[in-house]
Amino acid sequence: WRFVAFAGCLATFTAARDIEGVDRSKLEWQSVPDAKTTYAILQPGKPEGPFIEVGDKVKVHATGYVVNTGQKFWSTKDKGQKPFEYTAGGGVIKGWDLGSRGMARKETRLLRIPAEEGYGSPGFP
């Protein structure tokens, strides 16, 4: 595997409320193969890559919001937190794993992850 540092690239992984500075009416939502999760690119990454592939060790910043309430439930940018590291291909919830594949270094994506591809109906652990 290869290590790909994407610190600061993934702004949120579930869309629920207005994200500061983002006009959600202008977002172009794209489908994720083999998933119900969708994504919008907020900031394109480096066109030469690297791009997240299965087996990559990935480091990202992420923030999660509850869809129904808009309440933030977790962020790597909160005090005392640090970028999250995982291995692409199953190291995180399905929506995040599939929704982040193909991201380029420095890219920022907004993911809409349905409950069945996230933490389920009970919510964040």
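Student: Why are strand β3 and strand β4 said to pair?

Tutor: Two strands pair if DSSP finds at least two bridges between them. Strand β3 (residues 30–31) and strand β4 (residues 38–43) are joined over 2 bridges in the antiparallel sense, so the criterion of at least two is met. Within this pair, Ser31 stands opposite Thr38 of β4. The hairpin has 6 residues between the strands, and Asp34 takes a positive phi near 60 degrees there. This is a predicted model, in which local features need pLDDT of at least 70 and side-chain atom pairs pLDDT 80 or more, while totals for chains, interfaces and linings use all residues. Residues are numbered from 1 along each chain as its sequence is written, and side-chain values use heavy atoms, leaving out hydrogens and water.

Student: With which sense and over how many bridges do β4 and β9 pair?

Tutor: They pair in the antiparallel sense over 5 bridges. Thr38 has Arg112 as its bridge partner in β9. Strands here are DSSP runs of E with at least two residues, and helices are runs of H or I with at least four, numbered from the N terminus. The protein has 1 helix and 9 strands.

Student: Why is Arg109 called buried or exposed?

Tutor: Buried means under 20% relative accessible area, exposed means over 50%, and partly exposed lies in between, using a 1.4 Å probe and protein chains only. Arg109, found in strand β9 (residues 108–112), has a value of 4%, so it is buried. By contrast, Lys57 of strand β5 has a relative accessible area of 24%, so it counts as partly exposed.

Student: What makes the pair Glu107 and Arg109 a salt bridge?

Tutor: The term requires a side-chain nitrogen of Lys or Arg within 4 Å of a carboxyl oxygen of Asp or Glu. For Glu107 and Arg109 the closest N and O atoms are 2.5 Å apart, so the pair satisfies the definition. Glu107 is buried as well, because its relative accessible area is 5%. In addition, the side chain of Arg109 reaches the backbone oxygen of Gly99 at 2.6 Å.

Student: How many salt bridges are there in the whole structure, and why does the one between Glu116 and Lys36 tie together separate parts?

Tutor: The search finds 4. In the bridge of Glu116 and Lys36, the closest N and O atoms are 3.1 Å apart. Glu116 lies in the segment after β9 and Lys36 in the loop between β3 and β4, so this bridge ties together parts that are 80 residues apart in sequence. Both Glu116 and Lys36 are exposed. Another bridge joins Asp97 and Arg101, with the closest N and O atoms 2.7 Å apart. Asp97 is buried, because its relative accessible area is 5%, whereas Arg101 is partly exposed at 29%.

Student: What makes a group of residues a nonpolar core, and how many residues has the largest one?

Tutor: Such a core is a set of buried Ala, Val, Leu, Ile, Met, Phe, Trp, Tyr and Cys residues joined through side-chain atoms within 4.5 Å. The largest has 16 residues, and Ile52, Val58, Tyr86 and Trp96 have the most contacts inside it. β5 (57–60) and α1 (94–100) each supply at least two of its residues. In soluble globular proteins, nonpolar side chains tend to be buried together.

Student: Which residues are in contact with Tyr86, leaving aside neighbours within four places in sequence?

Tutor: Contact means heavy atoms within 4.5 Å. Residues in contact with Tyr86 include Ile52, Val58, Trp96 and Lys57. Lys57 and Tyr86 are 29 residues apart in sequence, yet 5.8 Å apart in space, C-alpha to C-alpha.

How values were computed. Polar contact = N/O pair within 3.5 Å; in protein donor to acceptor, adjacent residues only side chain to side chain.
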